[in-house]
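Open your viewer and keep the selection tool at hand. We will move from one pair of helices out to whole chains.

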Amino acid sequence: MTVDDSETAAGKPPIDYGFPQWLWRRLDQYPPPGYKRAVQWRSPLRGLWLTSLLGSVLLTTLPIVIITGLLSYIAYGPQFGQAIPGGVGWLKLPTFDWPTDPAWLYRLNQGLHVGLGLIIIPIVLAKLWSVIPRLFAWPPARSIAQVLERISLLMLVGGILFEIITGVLNIQYDYIFGFSFYTAHYYGAWVFIAGFLIHIAIKIPRMWAGLRSMSMREVLHTNRTNTKPEPFEPDGLVAEHPSAPTISRRGALALVGGGALFMAVITAGQTLGGFTRKAALLLPRGRTRGDGPNDFQVNRTAWAAGISPEMTGERWRLTLTGGPLKVVLDRPALLAMPQHTAQLPIACVEGWSTTETWTGVPLAALARLAGMPNPASAFVRSVERRGAFNFATLQGSQVLHPDSLLALQVNGVDLSPDHGFPARIIVPALPGVHNTKWVGSIDFRTA
Amino acid sequence: MRTALAGFRTVYGSHPLHLLTLIAGFALFGYVLTTIKPVTLWNPHTWWQSIIVWFAAAIIAHDLVLFPVYALLDRILLTTTREPGPSGGAAKVPVLNYVRVPALGAGLTLLVFLPGIIKQGAPTYVAATGQTQDPFLGRWLMFTAAMFAVSAACYGVRLLLAQRAKQPPR
């Protein structure tokens, strides 16, 4: 007979204190003044079943958000030192060459990462609501085990809230936090991962028990007046003296699920594009710019990048290096080369994307012209003088893909200054910011 | 062996696996800290723009600000919408959730899209997109108006149906 059995068998469970017993008993006996009056939980819906259900939804969605986030780090190219933050040690997936097929791979990855991250906000808030009595429970702990577990919850709860807040601010270009978004969001994710793994390992048995404690069919067939609280147990989530229900359990589930669906409807358009874009009413990338061929989403305007007409006018030249001879081309020379047209999405780390028809010179043709037909990588530099993304290194596979272009035109007309005139990179499945605009030089490399 | 396990439980308060899991998790956390380097966590020039401050503030903002505020608002709503008694047709259709649902929708969108609505970060916004944040406040207000209007319409329909059901068939 185990301790747990005796607890359930007896009518009144004995209070179990860990070592040192006197300390935990003392703590238990002296709650803060006014605690009993101030902390009263009323909702008849809180309980292990509801928490387990919300937990199981997060258990299936959060791993997707985590993995797509870690994959995005690889897509940035840590092998070239251009994944941010650098020097993360073992805190990353094994590095591999980011694929160029399918072309929508990065679009899907970031659409899932940002989209799901936004969609689960109502579910996270509901989950926190469902367990909040435990935060204010007295005594806060009865053993060393409980103290440690509570500390680990700081990683879990702090981690997810920190990730949501920094992510949500970043996609709206609000950098009020002052620190590097990439650094904070990446390491914050690892703190969350640590807390999440601990929580899963400890709580999975409870979650299973909770899910089995009530039948979903029954919940879906129970209206408000027939909604009963889950059975009360000390140190549990169920209120000792619950009020009459103001909403049925199925109503609460519909509210949370509806909240998630609502978030999906008002954000997915920034990734899906087309007619759905306008549904993303409150997001920067739900806006349209007009109907012209260059009127698609801009990331960093020419004005913001300090691009002047002199830098991109008659005097502009493209310099190709890495081969036996330096090759210098002007725009008419590039236009005289065989042109290739490809319909490719450009997808930002922030989750938005747009698919356009690009025309220009294949990067492979430029590599051959430079005398480097099989480069291991290519270092592209913009004429933009400042800015964190005025250069990028491309993998050999990204240079040699037939649809990888030094684009001169988009949708049948010259690129606009905001989209990188006179020439920009466009590579299938490449993170948006690495499709360098206002390209000045390409160095084809053997490593 | 059994007694050793029982002894461990008495002292620690849970199964050894519990402790092993936590140690592994804390060790991973420690590795994260040494990799990011603690100096990165703190901004000596502007204290509130520190990673560590935002991490702590995230917890406080939810647990000790957001939750108490919405719980209190719901309490107020609950006491003010409580029906006087079984008399009157309205008693059958409590208004509570017809206020809660649009209020939650408005609150959620305000919370998530606050930067655009209050035009925070305008310079970086313009630099990135070439547009302004001007439309967002109006859009959010229209959103809110629409949600409350739909909710009011639903409530009206429910009231009518309840009243009709109360009338004896002729």
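Select α4(A) and α8(A) first; helices here are DSSP runs (H or I, at least four residues; strands are E, at least two), numbered from the N terminus. On α4(A), the residues that meet α8(A) include Leu48(A), Trp49(A), Leu59(A), Ile66(A) and Tyr73(A). Among their counterparts in α8(A) are Tyr186(A), Ile193(A), Phe196(A), Arg206(A) and Leu211(A). Two residues are in contact if their C-beta atoms, placed from the backbone, lie within 7 Å.

What classes of residue make up this contact of α4(A) with α8(A)? There are 14 nonpolar, six polar and one charged. Nonpolar means Ala, Val, Leu, Ile, Met, Phe, Trp, Tyr, Cys and Pro; charged means Asp, Glu, Lys and Arg; the others, Gly among them, count as polar.

A note on the model: it is predicted, local features need pLDDT of at least 70, side-chain atom pairs count only at pLDDT 80 or more, and totals for chains, interfaces and linings use all residues. Residues are numbered from 1 along each chain as its sequence is written, while chains are lettered from A and ligands numbered from 1 in the order in which they are written.

Now look along the two helices. α4(A) and α8(A) pack at about 150 degrees, and their axes are 10 Å apart. Axes are lines fitted to C-alpha atoms, for helices over the stretch in contact, and angles run from 0 to 180 degrees between N-to-C directions. So α4(A) is roughly antiparallel to α8(A) (over 145 degrees; under 35 is roughly parallel, 65 to 115 roughly perpendicular, the rest oblique). Their crossing is left-handed (the near helix is turned anticlockwise from the far one by less than a right angle; clockwise is right-handed).

Keep α8(A) and add α7(A). These axes come within 8 Å and cross at roughly 140 degrees. This crossing of α7(A) and α8(A) is left-handed.

Next, colour chain A by domain: domain 1 is 14–269 and domain 2 is 309–445, with bounds from an automatic or database domain assignment. Here 24 residues of domain 1 of chain A touch 21 residues of domain 2 of chain A. On the domain 1 side, α5(A) gives the most, with eight residues.

Last stop: show chain B. In all, 61 residues of chain A are in contact with 52 residues of chain B. Select α7(A) again: on the chain A side, it supplies the largest share, 15 residues.
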